[in-house]
Amino acid sequence: MAEIVLKDVCKVFEKNQYAVSDFSLRIRDGEFVVFVGPSGCGKSTTLRMIAGLEDISKGELWIGDELCNYAEPGERDLSMVFQNYALYPQMSVYDNMAFSLSVRKVPKKEIRRRVEETAEMLGISNLLNRRPSALSGGQKQRVAIGSAIMRKPKAFLMDEPLSNLDAKLRTHMRVELADLHHKLGITTIYVTHDQTEAMTLADRIVVMKAGYIQQVATPIDLYNHPTNMFVAGFIGSPAMNFLRGQVKRAGKGAAFLTEGGEIFPLTEDQAHVLWPQHDNRALVLGIRPEDICAAPARGKVYGEMKGTVTACESLGNEAIVHLENEDGEFAARLDPDHGARAGEQATLYLNMANAHFFDGETEQNLFYQWRNEA
Ligand SMILES: Nc1ncnc2c1ncn2[C@@H]1O[C@H](COP(=O)(O)OP(=O)(O)OP(=O)(O)O)[C@@H](O)[C@H]1O
Ligand SMILES: [Mg+2]
């Protein structure tokens, strides 16, 4: 087990084409770190540089207390699990799992003990004599993970290991991975497109965009305090709603005036930070679907938003209601008995205390800075 440190790591594939730029991160011993971001943002490239499958163009990679930029993949003592789990088709499950230890000349008895122990932990003890072709996707994936664990590596590197599995199996394997990490405590770097995987597995999430880290934070912090509009819109489903507008003086406080002409009152704290400092500046108000409701509760500050209901998606326990007006399209997460109907006018209420505010040009969260300076 080991700490992994990246210092200003860059990857340049072609002249001046940066796939990864100035990537700096300290991954603590035993930590589960998840890389997320849109396709092509550099997640796999970063992971492959850590694994040694890709040269590091600039910067430093430390594993434990060794500088590993030029270490061969085999010397780094890391185990990698890919989306397309690489199993040897002609070997049994047992031999697949035993392989990495047999080549290291570990005594046969010790190999048997470790294979049996690992198979037990992964619930595949009854499959040890089968060939990979006789296994389901989830079983193959467990064997691949089993093979990766066998060596007791310094860290696991996983690149979308569950993305070939169906939804139910994914959920099941996700829980197993969490359990496994809990039991083994091995440093893990995990790449995924799946927000639920990122939110549930990660100690910390690294959000990337176009080769750059946008934010590194715990799942809850990322959700509640996104540093900019990109992170705010990327984490959460349905995504955060955005409204463009400006802050204006209103009575003793201040209000947010949307481009479409709606006026939302601000809380005292918000007014204090936004007015007059951001008077006459283009701003963006962000509000999550669950912070929009059908009926206001007493004692809270609400912004009233009118519009046409374009769709109601009922999920049984809740409904996602889509509303359209001059300011754009919005999704609200409402109780199933919300009463809205597609095609009709409706008024929804924004819980202003939970609104986020971004600079319209830089897209930075205005309260993130304020919170960190305070
Ligand atoms: N061998 C290569 N040669 C040139 N460019 C490459 C190479 N491998 C990756 N790239 C480029 O580097 C960038 C990052 O790719 P990478 O595979 O790391 O993205 P990713 O975040 O893993 O995306 P995905 O979610 O689609 O897997 C992309 O623009 C990609 O086209
Ligand atoms: Mg990738």
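Student: Let's start with Ile-320: which strand is its place in?

Tutor: Happy to help, and bear in mind that this is a predicted model. The strand to look at covers residues 319-325. Ile-320 has its place in that strand, which is β17.

Student: Is Ile-320 buried or exposed?

Tutor: The cut-off for buried is under 20% relative accessible area. Ile-320 has a relative accessible area of 5%. Because that value is 5%, Ile-320 is buried.

Student: Which residues does Ile-320 touch, leaving out residues up to four places away in sequence?

Tutor: Start with Pro-238, then take Ala-311, Cys-312, Glu-313 and Leu-315. The list of residues that Ile-320 touches is completed by Ala-331, Ala-332 and Arg-333.

Student: What separates the C-alpha atoms of Ile-320 and Tyr-88?

Tutor: Along the chain, Ile-320 and Tyr-88 are 232 residues apart. In space, their C-alpha atoms are separated by 46 Å.

Student: Now to another isoleucine: which helix does Ile-149 lie in, and is this residue buried or exposed?

Tutor: Ile-149 lies in helix α4. Its relative accessible area is 5%, and the cut-off is under 20%, so Ile-149 is buried.

Student: How many Å apart in space are Ile-149 and Leu-184, C-alpha to C-alpha?

Tutor: Leu-184 is among the residues in contact with Ile-149, along with Thr-118, Met-121, Leu-122, Phe-156 and Leu-180. In sequence, Ile-149 and Leu-184 are 35 residues apart. Their C-alpha to C-alpha distance is 9.1 Å.

Student: Which helix gives the largest share of the largest nonpolar core?

Tutor: The largest nonpolar core has 44 residues, and Met-97, Val-115, Ile-145, Tyr-190 and Val-207 have the most contacts inside it. Six residues of this core, its largest share, come from one helix, residues 137-150. That helix is α4.

Student: Which residues does Ile-145 touch, not counting those up to four places away in sequence?

Tutor: Ile-145 is one of the residues with the most contacts inside the largest core. Beyond its sequence neighbours, Ile-145 touches Val-81, Leu-122, Met-173, Leu-177 and Leu-180.

Student: Which helix gives the most to the shell around ligand 1?

Tutor: By class, this shell has three nonpolar, six polar and two charged residues. Among the residues surrounding ligand 1 are Lys-43, Ser-44 and Thr-45. The helix that gives the most, with three residues, spans residues 43-51 and is α1.

Student: How far is a polar side-chain atom of Ser-39 from an oxygen atom of ligand 1?

Tutor: For Ser-44, a polar side-chain atom lies 2.7 Å from a ligand 1 oxygen, and for Lys-43 the distance from a side-chain N or O atom is 2.8 Å. For Ser-39, the distance is 2.5 Å.

Conventions: Residues numbered from 1 in each chain as written. Chains lettered and ligands numbered in written order. Predicted model: local features only at pLDDT ≥ 70, side-chain atom pairs only at ≥ 80, totals over all residues. Heavy atoms only, no water. Near = heavy atom within 4 Å. Polar contact = N/O pair within 3.5 Å; in protein donor to acceptor, adjacent residues only side chain to side chain. Helix = DSSP H or I, 4+ residues; strand = E, 2+ residues; numbered from the N terminus. Nonpolar A, V, L, I, M, F, W, Y, C, P; charged D, E, K, R; others polar. Core = buried A, V, L, I, M, F, W, Y, C linked by side-chain atoms within 4.5 Å. Buried < 20%, exposed > 50% of the residue type's maximum accessible area, 1.4 Å probe, protein only. Contact = heavy atoms within 4.5 Å.
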